[in-house]
Amino acid sequence: MNRDEFLAKLEDIFQYEDSKKLTFDTKLDDLEEWDSLSIISVVAFLDSEFNKQVTVNDLQVAQTVEDIAVMAGI
C-alpha cells in the first residue's frame, strides 16, 4: 500500500466528506470524524493491513495523520 492509498483508506474509515482531502499534516484533533469509533477502526486497519499491534492509547497520543502512518510503517 502506498501513501496515497493509505490516505484514501483513512478517508473511508473516518467517513471523511470534506471537500479537501486528508493530508499527512492534517491534525487529528481538527477532525470531527476522529472519535472513539474511528480510533477502534484504525486499530483494526493497522492490524489487518500491516500486522501492527497498536493500542487505543497509542492512537490517542497521535497528533497528525503522519503519526498514524509512522505506526503503520508507511
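Confidence first: this is a predicted model, and the chain averages a pLDDT of 93, with 99% of residues at 70 or more. Going element by element, the lowest mean, 92, belongs to helix H3 (residues 56-60), while helix H4 (residues 65-72) has the highest, at 97.

Now for the salt bridges, of which there are two. In one of them, the side chains of Glu-66 and Arg-3 come together at 2.7 Å, N to O. This pair ties together distant parts of the chain, since Glu-66 sits in helix H4 and Arg-3 in helix H1, 63 residues apart. Glu-66 is partly exposed, because its relative accessibility is 26%, and Arg-3 is partly exposed too, at 33%.

The side chains of Lys-21 and Glu-11 also form a salt bridge, at 3.8 Å, N to O. Here the partners are 10 residues apart: Glu-11 belongs to helix H1, and Lys-21 to the loop between H1 and H2. Their surroundings are quite a contrast: Lys-21 is exposed, with a relative accessible area of 62%, whereas Glu-11 is buried at 13%.

Stay in that loop for a look at Thr-26, which lies between helix H1 (3-14) and helix H2 (36-50). With a relative accessible area of 14%, Thr-26 falls under the 20% cut-off and therefore counts as buried. What does Thr-26 touch, leaving aside neighbours within four places in sequence? Its contacts are Leu-31, Gln-63, Thr-64 and Val-65. Closer by in sequence, a polar atom of the Thr-26 side chain lies 2.9 Å from the backbone nitrogen of Thr-23.

Technical notes: Residues are numbered from 1 along each chain as its sequence is written. This is a predicted model: local features need pLDDT of at least 70, side-chain atom pairs count only at pLDDT 80 or more; totals for chains, interfaces and linings use all residues. Side-chain values use heavy atoms; hydrogens and water are left out. pLDDT is the predictor's confidence in each residue, from 0 to 100. Helices (H or I, at least four residues) and strands (E, at least two) are DSSP runs, numbered from the N terminus. Buried means under 20% relative accessible area, exposed over 50%, partly exposed in between (1.4 Å probe, protein chains only). A polar contact is a pair of N or O atoms within 3.5 Å; within protein, one must be able to donate a hydrogen and the other to accept it, and residues adjacent in sequence count only if both atoms are side-chain atoms. Contact means heavy atoms within 4.5 Å. A salt bridge is a side-chain nitrogen of Lys or Arg within 4 Å of a carboxyl oxygen of Asp or Glu.
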